[in-house]
Amino acid sequence: MAARLALSRWRAAPAAAGRGPLLSCRRWSGAKADTVYDVVVSGGGLVGAAMACALGHDTHFCDKKILLLEAGPKKVWEKLPETYSNRVSSISPGSATLLSSFGAWDHICNMRYRAFRRMQVWDACSEALITFDKDNLDDMGYIVENDVIMCALSKQLEAVSDRVTVLYRSKAVGYTWPYPFPMTDSSPWVHITLGDGSTLQTKLLIGADGHNSGVRQAAGIQNISWNYDQSAVVATLHLSEATENNVAWQRFLPSGPIALLPLSDTLSSLVWSTSHEHAAELVSMEEEKFVDAINSAFWSDANHTDFIDSAGTMLQYAVAFLKPTKVSARQLPPSVARVDARSRMSFPLGLGHAAEYVRPRLALIGDAAHRVHPLAGQGVNMGFGDISSLVHHLSAAAFNGKDLGSMSHLTGYETDRQRHNTALLAATDLLKRLYSTSATPLVLLRTWGLQATNAVSPLKEQIMAFASK
Amino acid sequence: MWGGRKLSCSGNRFLGVVISRYRGTQTESTRLITSAVYSENQFSWTPQTKPWVFSEYRIMWFKSYRMTFACLNRIKIYRYPWTRLYSTSRTTVDSSEVKTFLALAHRWWDEQGIYAPLHSMNDLRVPFIRDNLLKTVADHQPGKPLSGMKILDVGCGGGLLTEPLGRLGASVTGIDPVDENINTAQHHKSFDPILDKRIEYRACSLEEIVEETTEAFDAVVASEVVEHVIDLETFIQCCCQVLKPGGSLFITTINKTQLSYALGIVFAEQIAGIVPKGTHTWEKFVSPEKLESILESNGLSVQSVAGMLYNPFSGYWHWSENTSLNYAAHAVKSGVQDHPVPDEFVFKGETEELRGQDSTNAGAQEELKK
């Protein structure tokens with residue numbers, strides 16, 4: 001520190017009114033010639049591309065330079081493929097609002113999506129169930145294929161190509177962070193080195209590169225994470241008969257939740273979280289056996305015990321006595337006839353949460369900041385929520401002429417989102433653990449808990465409101 | 001206590017005189033005999049140029065002669081580091097002083113450092129300036145709302161307020177009498193290619209540029225400056241001279257009340273250390289009424305006055321009805337106005353009261369607003 005002061009003193013003396021030399025041991029001589037971007041988004045997945053899109057369409061960013069770095073190639077569709085993709089996301093109304101704010105939702109509507117109006121969640125070990133729906137049967141959420149969302153986002157990115165530059169097949173290999181305290185001889189920007197050797201500088205780096213985030217690791221941000229001993233199996237299923245198919249089904253088996261999400265009148269998407277061994281079996285078994293496994297998972301009452309059943313019925317009578325109006329009988333999901341060839345896939349699950357979402361000139365969004373179990377369908381919605389909050393703060397900062405990388409508004413974003421995300425992560429993890437067992441006391445607890453929650457409508461509405469932000 | 005304060009003010013000047021005479025910097029005191037000079041932002045303890053009128057100096061010498069030695073000592077401890085820096089700022093380059101200056105000059109841009117309150121004050125003063133300037137134009141470019149405007153930032157310090165105004169599209173000229181501050185500001189803006197083009201810094205005082213920049217600026221910003229000025233009247237006159245007709249003057253400063261003494265000097269400087277000791281002298285604080293009367297008498301019609309409040313725990317500033325601590329004022333130079341100013345920006349009711357009070361205002365805008 002003293003050496004640097006002495007050095008800067010020596011340099012400042014001859015260059016009285018002008019700037020001192022900018023070379024320092026930490027930088028290379030090409031530093032001054034690099035383009036200085038206002039925002040660089042590292043990672044062009046759902047959340048990264050949506051972030052770049054949202055910033056590009058923001059009025060206060062119309063003279064700013066934004067860059068999106070994507071390691072993969074550009075995916076171009078001439079037209080919508082007929083087969084549905086096996087990776088789908090449940091988009092909450094809040095996320096749909098964000099997507100429509102920069103015009104991507106219109107593209108999605110022109111392609112394909114499925115709105116669902118009711119959700120039924122029930123237990124394999126008892127008769128308890130909970131149904132969510134909106135009073136006037138409004139859309140509760142939308143099931144959209146990930147590829148469709150990406151295509152819509154790419155179209156909107158092209159629409160603002162004067163502000164947003166997208167670099168495909170570019171992966172950042174090195175980051176150099178600025179000093180927290182402005183020193184005389186060093187650049188205050190973040191330096192990024194790409195795989196091909198080129199460098200660029202930015203005032204704000206947004207890390208959206210997934211749960212193994214390179215940005216987060218380079219910044220040294222601690223990540224609390226553990227692996228669930230579960231993998232999720234996804235597939236596209238054909239139903240036995242065409243139905244209205246606007247209900248999302250989820251059943252908690254002791255091995256993990258199985259969910260059926262509507263795609264069209266005859267198609268649904270499967271997300272089945274189960275142990276690694278069982279997942280491998282499911283992916284490799286024959287089609288008919290696979291279909292049978294799915295159907296029995298949804299219909300079989302093999303895990304029921306008399307004790308739990310009678311306990312559940314008891315509470316049911318009590319609830320009916322207190323609240324005679326609403327009685328929702330357990331419905332059965334539509335039966336599955338066959339599965340799309342080559343649509344079966346599995347991927348491991350885990351939980352992750354970054355200890356800090358922001359550093360000076362750095363912000364993490366999406367899976368880089370938090371990774372969650374798919375049982376609540378909230379993963380990408382949390383990411384979109386991060387985008388709404390960060391764009392709001394950045395837009396206000398830009399309108400106030402602030403330095404975009406300044407911690408004063410970045411900490412506002414962090415506080416905002418950490419509060420929401422921590423609660424949701426904790427709740428999801430709790431649910432996962434609660435439902436992974438068939439031990440009687442816990443089953444009793446969760447049966448009664450679920451039935452009670454189902455009976456209290458204000459509580460259900462609160463849950464829905466929290467999840468659809 | 002009142003006597004002690006008075007002594008400390010004059011003792012301060014006295015000490016400056018003593019030291020400057022001791023170091024033989026006669027040229028300095030003669031050079032500084034100009035009637036209206038100011039120093040830079042409130043929370044800096046980089047040297048403040050404190051000139052004094054020559055006759056005043058003789059009177060001060062005579063008065064201070066009667067001070068007790070203990071009193072002098074106390075003042076020395078209280079004022080000494082600051083005054084020592086001042087007296088060497090424009091003379092020989094003393095290497096140890098230069099080192100201290102450089103350390104200080106770095107502190108400008110440390111957002112969590114001693115200038116943190118000034119950084120967070122930007123959340124209030126930039127929207128204040130931006131919104132009041134936008135009222136004078138029919139439409140603006142989104143992304144660069146202040147583009148096409150020429151703004152003068154008097155007492156810019158390290159450029160804390162100059163840079164946000166530059167980012168909003170204005171062409172800003174920042175002036176400050178202290179060279180080191182200008183160096184820091186130049187250096188800081190040099191990394192941003194856009195700001196480099198939009199902002200220009202000069203190490204000079206307002207009087208030095210009055211002749212060459214008469215009626216050149218759409219707006220003049222004097223934030224945390226007028227409480228360091230000796231001759232406010234002349235300062236305002238110079239501001240008025242460099243403004244175009246219909247141009248805006250923005251001032252933020254501290255009120256002269258019991259509360260501002262208790263909180264602004266005793267608490268902030270001596271107890272809590274929010275503001276470095278010796279930054280302010282209570283006598284030089286300006287009340288809004290006095291400021292308004294000077295503004296009005298120089299042909300600047302006051303549009304709004306709004307109080308600002310600093311929360312030292314959260315580190316954020318808030319607008320307030322109460323102007324007894326800090327306040328911001330916006331005045332417009334009367335002159336040819338092409339179009340009426342739309343009245344959608346109301347500032348916490350202060351503006352309405354002011355318009356009611358300012359019946360003697362000769363500005364054409366006043367009638368237009370009513």
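## Exercises on a predicted two-chain model

G174(A) stands opposite T193(A) in β10(A). The model is predicted, and the exercises below start from that pair.

**Exercise 1.** Determine in which sense β9(A) and β10(A) pair, and how far β9(A) is covered.

Solution.
1. Locate the strands: β9(A) runs over residues 172-176, and β10(A) over residues 190-194.
2. Establish the sense. Strands of a sheet pair through backbone hydrogen bonds, either parallel or antiparallel. Here β9(A) and β10(A) are antiparallel, with 4 bridges between them.
3. Check the covering: of the 5 residues in β9(A), 4 are buried, and the strand is mostly covered.

**Exercise 2.** Work out whether C109(A) takes part in a disulfide, and classify C109(A) and C125(A) by accessibility.

Solution.
1. A disulfide requires two cysteine sulfur atoms within 2.5 Å. Over all chains, the count by this rule is 0.
2. For C109(A), the nearest cysteine sulfur belongs to C151(A) and is 14 Å away, so C109(A) is in no disulfide.
3. Buried means under 20% relative accessible area, exposed over 50%, and partly exposed in between. C109(A) has 33% relative accessibility and is therefore partly exposed.
4. C125(A) has a relative accessible area of 3%, so C125(A) is buried.

**Exercise 3.** Describe the sheet of chain B: its strand order, its edges and the helices that pack on it.

Solution.
1. Write down the order. The open sheet has 8 strands, arranged β3-β2-β1-β4-β5-β8-β6-β7, with mixed pairing.
2. Find the edges. β3 (199-202) and β7 (316-320) of chain B each pair on one side only, which makes them the edge strands.
3. Add the twist: from one strand to the next it averages 20°.
4. Take one pair in detail. β2(B) and β3(B) are parallel, over 4 bridges, and T173(B) has E200(B) of β3(B) opposite.
5. Place α8(B) on the sheet. This helix touches β2 and β3 of chain B, and its direction makes about 160° with that of β3(B).
6. Place helix α13 (residues 288-297) of chain B as well. α13 touches β5 (243-254), β6 (300-311) and β8 (326-333), at about 155° to the direction of β6(B).

**Exercise 4.** Two of the annotated positions in chain B are G155(B) and D176(B). State where each lies and whether each is buried or exposed.

Solution.
1. Start from the record. The unreviewed UniProt entry has a "binding site" annotation covering R125(B), G155(B), D176(B) and S223(B).
2. G155(B) sits in the loop between β1 (150-154) and α7 (162-167) of chain B. Its relative accessible area is 1%, so G155(B) is buried.
3. D176(B) belongs to the loop between β2 (171-175) and α8 (179-190) of chain B. With a relative accessible area of 0%, D176(B) is buried.
4. Look for a partner of D176(B): its side chain reaches the backbone nitrogen of V178(B) at 3.1 Å.

**Exercise 5.** Characterise the surroundings of V226(B).

Solution.
1. V226(B) lies in a loop of chain B, between β4 (217-223) and α11 (232-242).
2. Its relative accessibility is 1%, so V226(B) counts as buried.
3. Leaving out residues up to four places away in sequence, V226(B) touches L232(B), F235(B), I251(B), T253(B), K284(B) and V286(B).
4. T252(B) is 26 residues from V226(B) along the chain, and the C-alpha atoms of the two are separated by 8.0 Å.

Conventions
Residues numbered from 1 in each chain as written. Chains lettered and ligands numbered in written order. Predicted model: local features only at pLDDT ≥ 70, side-chain atom pairs only at ≥ 80, totals over all residues. Heavy atoms only, no water. Buried < 20%, exposed > 50% of the residue type's maximum accessible area, 1.4 Å probe, protein only. Helix = DSSP H or I, 4+ residues; strand = E, 2+ residues; numbered from the N terminus. Pairing = 2+ DSSP bridges. UniProt positions renumbered as here; feature names shortened; annotations may be inferred. Polar contact = N/O pair within 3.5 Å; in protein donor to acceptor, adjacent residues only side chain to side chain. Contact = heavy atoms within 4.5 Å. Axes fitted to C-alpha atoms, helices over the stretch in contact; angles between N-to-C directions.
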